[in-house]
Structures are given as C-alpha cells and as structure tokens.
Amino acid sequence: MPLDLIGKLAVILIVFGGPMALMPMLVFLERKVCAFIQDRIGPNRVGLLGPDGLDEAILGKSLLGRRLLGGFLQPMADGIKLLFKEDIIPENAKPVPYVFAPVFAMVPPLLALAVIPFAAPVRLFGAEIPIHVSDPGIGVLFVLAVLALSPFGTVMGGWGSGSKYPLLGSLRAVAQVVSYGVCMGLALLAILMSAGTLRISEIVAAQSGGIGDWLVWSQPVAFLLFLACAFAENNRLPFDMPEGEPDLVGGYHTEYSSMKFSMFFLGEYVAMIAASAVMVTLFLGGWSFPGIKSDGSLLMSALSFAVFWAKVLVLLFLYIWVRWTLPRFRFDQIMRLGWAVMIPIGLINLAVTAVFVTAR
Amino acid sequence: MGSGKYSMPSDGETRDSRWIAVSPVALLVESAKALAHTFRRLVRRGSFTVQYPEESLSPKKGYRGEHFLKRDSKGRVKCVACFMCAAACPAKCITIEAGKAPPEWTDREKYPVRFEIDLLRCIYCGMCEEACPVDAIALSGTFPIVAESRKEKVYDRDKLLVLGDNFGDKISVVP
C-alpha cells in the first residue's frame with residue numbers, strides 16, 4: 001500500500017536525518033559547555049548572532065550576546081574546512097580497512113536507532129503509522145548486537161593505518177569493548193527480566209503509566225551500569241583510552257585526515273545519540289510523559305517526539321558534562337573497574353532482580 | 001567490591017594492589033561532587049577571556065612597551081645626544097648620530113641628527129630610560145607587535161617624537 005510506504009519512508013527520514021541534523025548542534029554544545037566550565041567564552045565568531053552577525057548588521061547591537069550563541073555556525077565552518085582538506089592515505093595503510101573504517105564508525109550506531117520508537121504512533125488517513133523504522137521481537141538484542149559492532153570501525157582504522165599508535169589505540173578499544181560489553185549485557189538482562197519482553201515498543205508501553213513507572217526507579221543499579229558501559233563503548237571520557245592523546249598521539253584516528261577523520265568524529269557523536277536514545281527508551285520511559293496520551297493525533301505524536309528528544313538532550317548534556325569534569329582512567333584501572341567491580345555488581349543486581357521477579 | 005578505603009601502597013605491595021582502591025560508591029560520590037563543581041562553573045557568568053581585536057588589556061603600571069622621545073618646554077627634542085642610553089643598552093639597539101646644536105640653543109652643545117631604535121633587537125629592559133641624564137627617553141605602555149616589514153620596527157627620531165606627543169604624560173615608571 002503506497003500510503004504505508006510513504007509513511008515508512010518519512011519515518012526513516014526522520015529517524016536517520018534527525019541525528020544528522022542534531023550533530024552540528026551537539027558539537028556546538030560540546031564546545032560551549034567545555035568553554036563555560038573552563039571559564040572561557042568558546043566559539044563566538046562564526047554565526048548569525050554576535051559581533052558581525054545579522055543582529056548587529058540590522059539592529060546595531062548584539063542581541064543575545066556572543067557569549068551564548070555567537071559561534072553557532074562554527075561546526076558548519078569546521079565541516080567545510082575538513083571537507084576541503086587533503087585526503088591522505090598513508091603509504092603503509094591497508095587500503096580496504098583504512099577506507100571502510102570511518103563507515104563502520106558511523107553506520108552501526110545509526111542502525112541502532114532503527115528499532116527505537118521516537119514518538120507515539122500517529123493515525124493519518126485511516127492508517128496507523130508507528131514512528132519507528134522497525135519493531136522486531138528481538139529489539140533489545142538487536143540494539144546490543146549493533147552497539148557491539150561500532151568498535152569495529154575503531155579496530156579496522158587502527159589496524160588498517162599501518163602505524164603503531166593507531167594499532168595500540170585499537171587494541172585498547174577491543175579490550176575495553178569486550179570488557180564493558182559483558183557488563184552492558186548484564187544491565188540489559190536485568191531490564192529484560194523486569195519488563196518481561198524483548199520488544200522495545202512493549203518496554204516503552206510498560207513505562208508509559210507515569211514517571212514512577214520508568215525503569216530507572218526500579219533498576220537504578222542497572223541504569224548506572226548501563227550508563228558507565230555506554231560511556232566506555234563510545235570511548236568517551238573518562239574511558240577514552242583508545243584515543244588518549246598523552247600516550248597515543250591521536251589514537252586510532254592518528255593517520256586520518258579530511259572527511260575520513262570527520263566521519264570518525266561524527267561517528268562518535270552518532271554513537272552518543274544512539275546510546276542516549278537507547279537509554280531513554282529502556283530506562284527513562286521513551287517518548288512517554290505524564291499528560292501525553294497515545295491517541296493517534298498528530299499533536300500528541302509531535303509532543304511525544306519533542307519529549308523524547310528533550311530526554312535524549314539531557315543525557316547528551318550529561319555525556320558532555322562528564323567529559324569536561326572527570327579525568328581519564330589509567331588503562332589497568334579501566335580493566336579492573338570493568339571486570340572486578342562492574343561485572344560483579346551486574347551479577348548481584350541480576351540475582352536480586354531475579355528474586356524479585358520470581359516473588360512477584 | 002573494593003576495599004572501601006584508599007590506602008597508600010607500602011614497599012612490599014605490588015603495583016596491582018594500588019589501583020583506585022575506592023569502593024564504587026565512593027567513586028560515584030566523588031564523581032558527583034566533581035560534577036557539582038563543574039556545574040557551578042558552567043552557570044557562573046563571566047570569564048577571563050579578553051576579546052582581543054575589540055578589547056585589549058590596559059597595561060599595568062610599570063609595563064615597558066615601545067619607546068618615545070620627549071620634547072622640552074620649547075617643543076625641541078629633549079635629547080642632548082650624550083650616548084648614555086646607547087652605552088647602557090644591553091642589546092645595542094640604539095643608534096645615535098650627534099650634530100652640533102644651533103647657536104640659539106644655549107642650553108646644550110649637541111642634539112641627535114639621527115636617533116634610531118631597532119625594536120626587533122630591543123629587549124625592553126628600560127635601561128635607556130634609567131640611563132638618560134635629561135629624562136628624554138622613556139618606555140610607554142603600548143605594545144604594538146605587528147609589523148609588515150622589519151624596516152617598520154626600526155623607529156627613527158621623528159617617529160619617536162610623535163609617539164611622545166601622543167603619549168603625553170603616560171610615562172611608565174621603571175622601578
């Protein structure tokens with residue numbers, strides 16, 4: 001049926017286009033939050049508002065001040081700059097993994113978004129259109145599998161670069177991802193036990209009764225574990241050993257330049273968005289919020305869409321905030337934390353959850 | 001799940017045992033404290049950044065910037081071409097050519113025909129200002145470091161005099 005097809009295509013556009021549109025804003029947010037935390041101003045030159053912006057040209061004075069929004073177009077400028085840089089492939093590089101690594105860094109996190117319901121289903125022209133690309137019965141497993149794929153970009157990049165620093169960086173990435181993948185699985189298992197289903201739309205529905213129904217309240221330990229593991233899987237501080245500048249130059253992307261580098265860079269942000277979306281869906285009630293009913297109207301659907309992204313933005317802010325607060329762990333500390341602390345906690349949490357679920 | 005408290009390693013302990021020996025709860029608490037601290041910085045207004053082309057720092061008293069030559073009450077160059085500054089200069093950046101003073105200048109025998117300071121050689125130590133017996137040369141508070149050629153950074157007598165006219169009494173105090 002063509003109407004179904006059009007609806008699906010529109011949803012796909014929203015699901016994959018939304019994060020792409022969000023990324024420049026996220027880069028801007030990252031730089032501004034970093035600057036404010038460090039008592040600086042941050043980017044304030046390239047933008048519509050600010051010293052030479054439209055507001056000054058028209059009104060003769062800066063509207064919001066350059067402090068807040070002055071450099072809003074800086075990520076665009078950076079992107080254009082990167083686009084026109086020379087694309088270097090090192091002599092020692094293995095071309096196939098070297099070229100495909102940035103793709104692998106970017107695609108798996110986008111795929112994870114495919115099973116996330118972004119908003120309440122909307123009823124248009126008699127057809128009910130769910131706002132997710134797909135809702136498989138193994139949704140949570142799919143998320144886990146796809147999130148576990150994303151480090152392959154790092155690994156391929158490090159191996160294909162034919163240089164020792166990227167190689168060391170990617171070795172660390174493998175060790176880290178294997179360690180924290182286990183813990184992430186344990187945290188998810190606890191969620192599955194209390195929700196009783198693998199289907200993501202059902203997990204969201206189970207949490208839609210109100211803020212009290214969000215799984216973060218019944219599974220706070222699993223949430224914290226998942227949060228820490230997501231930070232580790234995305235190579236964000238304090239777990240960004242694979243690209244630790246002091247000991248590894250640039251880590252796995254040392255040899256990358258131009259658009260390939262920026263794809264790694266953007267891949268990190270897509271992975272952040274994907275991980276945040278997954279956390280919102282599994283722990284923070286997805287698109288549900290008190291007052292928003294799933295009645296198929298366009299208004300409610302749009303509101304739930306806004307709520308979903310607001311929740312995602314809160315988590316993204318947390319990512320950035322943590323990055324500019326906590327120092328990097330040492331590598332053996334990361335391994336210890338993963339295997340000796342977090343996995344035992346995950347197992348205990350799982351056991352306790354099992355007891356409660358059985359007693360229920 | 002961790003030993004619960006941090007302990008310094010003794011000699012016998014291996015490197016392994018002195019990893020972050022804090023409990024996960026303490027780790028979370030300390031992280032939360034750090035996050036609270038950075039959040040306070042985040043919402044605080046104001047920063048230490050100076051938006052350079054539009055704003056600039058005003059130099060503190062005693063700052064030694066570029067030189068200028070002073071005039072006396074009759075508008076003549078104060079310098080008597082005694083070469084004290086050139087002799088005191090550790091960087092040897094002052095070039096003076098003395099000429100015989102006109103007969104109507106009864107207070108001196110010589111005046112500088114040529115007086116050049118090579119600011120690329122200058123180390124801005126202020127010795128010339130201290131050495132001058134007639135208080136004719138001084139260092140101002142400005143620091144124009146940009147020039148498009150080396151020649152521009154060699155200031156001659158007339159330029160130094162004009163700079164002096166512009167600065168008026170804004171004379172740096174060399175301790």
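## Aromatic pairs, helix packing and a small sheet in a predicted model

A:F265 is partly exposed, its relative accessible area being 30%. The model to which this residue belongs is a predicted one, and the residue is a convenient entry to its aromatic contacts, since A:F265 forms an edge-to-face pair with A:Y269, the ring centres lying 5.2 Å apart and the planes standing at 65° to each other. The angle of 65° is over 60 degrees, and therefore the pair counts as edge-to-face. Both residues belong to helix 13 (residues 258-283) of chain A, where a spacing of 4 residues separates A:F265 from A:Y269 by about one helical turn. The partner ring is placed otherwise with respect to solvent, for A:Y269 is buried, with a relative accessible area of 2%.

### Aromatic pairs of chain A

Over all chains, the structure holds 19 aromatic pairs. One of them joins A:F118 and A:F308, whose ring centres are 5.1 Å apart and whose planes meet at 45°, so that the pair is classed as tilted. A:F118 lies in the loop between helix 5 (95-112) and strand 1 (122-124) of chain A, while A:F308 lies in helix 14 (residues 298-323) of chain A, so the contact ties together parts that are 190 residues apart in sequence. Both A:F118 and A:F308 are buried. This pair also belongs to a wider arrangement, because ring pairs, as defined by centres within 6.5 Å, link A:F118, A:F305, A:F308 and A:W309 into a cluster.

The two pairs described above are set out here.

| Aromatic pair | Centre to centre | Angle between planes | Class |
|---|---|---|---|
| A:F118 and A:F308 | 5.1 Å | 45° | tilted |
| A:F265 and A:Y269 | 5.2 Å | 65° | edge-to-face |

### Helix packing in chain A

Elsewhere in chain A, the axes of helix 8 (residues 164-195) and helix 11 (residues 220-233) come within 9 Å and cross at roughly 150°. Such an angle makes helix 8 of chain A roughly antiparallel to helix 11 of chain A, and the crossing of these two helices is left-handed. Helix 8 of chain A contains A:A173, a buried residue with a relative accessible area of 1%. In sequence A:A173 is 18 residues from A:V155, and the C-alpha atoms of the two are 7.1 Å apart in space.

### The sheet and ring contacts of chain B

Chain B contains 4 helices and 5 strands, which follow one another from the N terminus in the order α-β-α-β-β-α-β-β-α. Of its 175 residues, 32% count as buried.

Within chain B, an open sheet of 3 strands has the order 2-3-5, with antiparallel pairing. Its edges are formed by strand 2 (94-100) and strand 5 (154-155) of chain B, each of which pairs on one side only. Strand 3 (residues 110-118) of chain B is joined to strand 5 of chain B by 2 bridges, and these strands run antiparallel. In strand 5 of chain B, B:Y155 is the residue that B:I117 stands opposite.

The ring of B:Y155 has a further contact, since B:K159 lies over its face at 4.1 Å from the ring centre. Another contact of this kind in chain B involves B:R76, which lies over the face of B:W105 at 4.9 Å from the ring centre. B:Y155 thus appears in two settings, opposite B:I117 in strand 5 of chain B and beneath B:K159 at its ring face.

Note on methods:
Residues are numbered from 1 along each chain as its sequence is written. Chains are lettered from A and ligands numbered from 1 in the order in which they are written. This is a predicted model: local features need pLDDT of at least 70, side-chain atom pairs count only at pLDDT 80 or more; totals for chains, interfaces and linings use all residues. Side-chain values use heavy atoms; hydrogens and water are left out. Rings of Phe, Tyr and Trp (its six-membered ring) pair if their centres lie within 6.5 Å; planes under 30 degrees apart count as stacked, over 60 as edge-to-face and the rest as tilted. Buried means under 20% relative accessible area, exposed over 50%, partly exposed in between (1.4 Å probe, protein chains only). A charge sits over a ring if NZ of Lys or CZ of Arg is within 6 Å of the ring centre and within 35 degrees of the ring normal. Two strands pair if DSSP finds at least two bridges between them. Axes are lines fitted to C-alpha atoms, for helices over the stretch in contact, and angles run from 0 to 180 degrees between N-to-C directions. Angles under 35 degrees count as roughly parallel, over 145 as roughly antiparallel, 65 to 115 as roughly perpendicular and the rest as oblique. A crossing is left-handed if the near helix is turned anticlockwise from the far one by less than a right angle, and right-handed if clockwise.
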